[in-house]
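Reader: I should be grateful for a close look at the aromatic rings of this structure, and at how they meet charges and one another.

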Amino acid sequence: MPENAIKVSEISELLKKQLEQIDINVQYDEIGEVLEVSDGVARIYGLTNVGANELLEFENGVMAIAMNLEEDNVGAILLGPTYLVKEGFTVKRTGRVASINVSEEMLGRVINPLGVPIDGKGSIGGEFFEMPLERKAPGVIFRQPVSEPLQTGLKAIDAMTPIGRGQRELIIGDRQTGKTSITVDTIINQLDNFKAGHPVYCIYVAIGQKGSTVASLVNTLKEYGAMSYTIVVAANASDPAALRYLAPYAGAAIGEYFRDTGRHALVIYDDLSKQAVAYREVSLILRRPPGREAYPGDIFYLHSRLLERAAKIIAQQEVAEQMNDLPECLKGKVKAGGSLTALPIIETQAGDISAYIPTNVISITDGQIFLDTDLFNEGVRPAINVGISVSRVGGNAQIKPMKQVAGTLKTDQAQFRELEAFTKFGSEMDAVTAMTIDKGQKNTKLLIQSLHKPLSVEKQVAILYCGTHGLLADVPLDKVKDFEDKFLTILEYSYKEEVLNEIKKGNFDDKISSLIEEAAQRAQAQIGT
Amino acid sequence: MKTGLIASRYAQALYEFASDYKMEDEIYKGMKILEKSFSLNRELNTVLRNPLLKRELKKQLIVTAYGGEVDIVFERFIELILNNKREAYLQNIVLKYLDVYYEHKNLCIVKLKIAFPIGQESEKKLIDSIKKLVLKDLIVEKEIDPKIIGGFILEIGDVRWDGSLATQLNKIHKKLMEGTFLNLN
């Protein structure tokens, strides 16, 4: 817009109203002076009454957060470019803790950790709720065990390492093993929930990624219609370390808004190893003592307090209303039964899951999905290593038919992997071993899934039934994929009512299994074996 | 590391040592000059931190920044700081010394910034009312700055009352620019 064009906001009546709101009383501030600025950190003299985590404002409008409160100076991390802050600047207290203004209109937008939109679509409107970035997790009495499933749409995960709403499931693996893809597929799979009117709101937090990567991710989500219920919080590689450190907390704060208003949310931290690095950077410049791998002593607390905020809130309204540490803006608006699921991502170096940060986060979360480079290169995608992937609470959240059908799949697959390793040495095999191996290989093929093609849970159950009940015994290994496609088409066209809808409702009996077997025979006939 | 503790211990020690020699006022005057040197020459801190610089040069530098004339108390103080390799904390020590000095002498520093000179009478009135407020003796530092257009800015210790016209205009500017692209930073 040309600079001298009149904007809608410049109507005299509105201007008059704005002028009336301006407070022209003498301004009272508590101030300090910048003594020293180093990369992303300012040391400030004065500000005697400042509180920990308080937001500070420099004379040119750059914001900072007070982190180190020492006897004669305050160490603050800058939320803007370092070069804008000079020694000798005055700083004032704002009296607010660092927080993000959350609004429903943020859905579909890309924002930075302070809530400022960075997608060039103008400012965000709607009713704002000021959610503090740092907030205590809900106490024991305000939680309930995980009971509802969060369907990722990936057969391998929903069958073997199921995730429940309110769970924290770590996704861990080397670079280029498909960690982000799993989470993107999970977001895309929530489209059905959104269309059905009970959405799972998704928050994708990108930490220290390339701007181009974030842009292409947003494009993918848009393409599949998933942006309507998704918020992307991005602190890119070029942003100050302070923003990269705060980004997951901003994501958690947005998620908490949905959680505490009785809705379901999913937050993805991609990835926490980069956040740990950003926090290490900030801590070292703040001259906090370094520990192992130069990380500060509270690096465990950094992640544990973040991941504890993922929770399933108790279903009793009168208890939920009493929740601890509720922000002022949410008082009276709390609804019971909401949940916040967290999927943190950790990148390992050369498959080393016993490094410092990975072990920390593994011990905090309720299970992990380990992605293997070798499997990925073999074409097993998602490249989930079944042996060391677990979900500690998700089993309770699986729907009944899935439990019935895939209950033994995980152990079977793990056994198969072990057997397979042995048979590589010799050629002779007894019939039982050969059968186990054949079944295992076909199941592995069955669990392979193309990118961005999530499968609904009822279809997953039907196809996995074929695998676990030996219906694939006569299908050659290279035809498994064809079989799956044909089988699913047949189900969709001929058995939708009596099989798919029944499974969706949670029913699974002999009648349904015989129908599945019938469909499997038809599919087998079609692929000509 | 508790860096804050270092400065306050040195400052406390210096004050007590100086008052044994009844020199705390002289040291105070020197410290004021030193404070100014630090704020006018931002490189001073960097230079003092440089481990390559010879000790003698650092000493000379500090003496110059102190105003050129050193008494026995300050001389010993510089020696102590250089011996313990704490010259990097000198600025903090200086600021802390001033705080300690004000506290012991029951003083309060008041900075008054006005756009144009005001009459003796109204100035006295203002100062008297501040005196009643803080119950301390005042050291008034007056500055005339046409940039604030009108009104006054008053700083008492850590607290600032800003009644200047420039700030109010700024506020109006900010309010009107709210939500526009120019306000992103």
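Author: A charge sits over a ring if NZ of Lys or CZ of Arg is within 6 Å of the ring centre and within 35 degrees of the ring normal. In this predicted model, R280(A) lies over the face of Y295(A), at 4.4 Å from the ring centre. Also in chain A, the ring of Y301(A) has the charged end of R305(A) over it, 4.8 Å from the ring centre.

Rings also pair with one another: over all chains, the whole structure holds 19 aromatic pairs. One of them joins Y15(B) and Y101(B) in an edge-to-face arrangement, with 6.4 Å centre to centre and 70 degrees between the planes. Y15(B) belongs to helix α1 (residues 3–20) of chain B and Y101(B) to helix α6 (residues 90–104) of chain B, so this contact ties together parts that are 86 residues apart in sequence. Y15(B) and Y101(B) are both buried.

Y101(B) has another ring partner, Y28(B): their centres are 4.2 Å apart and their planes lie at 10 degrees, so this pair is stacked. The angle satisfies the cut-off for stacking, which is under 30 degrees. Because Y28(B) lies in helix α2 (residues 24–40) of chain B and Y101(B) in helix α6 of chain B, the stacked pair ties together parts that are 73 residues apart in sequence. Y28(B), like Y101(B), is buried.

These contacts belong to a wider group. Ring pairs link Y15(B), Y28(B) and Y101(B) with Y97(B) and Y102(B) into a cluster.

Terms used: Residues numbered from 1 in each chain as written. Chains lettered and ligands numbered in written order. Predicted model: local features only at pLDDT ≥ 70, side-chain atom pairs only at ≥ 80, totals over all residues. Heavy atoms only, no water. Phe/Tyr/Trp six-rings, centres within 6.5 Å; stacked < 30°, edge-to-face > 60°. Helix = DSSP H or I, 4+ residues; strand = E, 2+ residues; numbered from the N terminus. Buried < 20%, exposed > 50% of the residue type's maximum accessible area, 1.4 Å probe, protein only.
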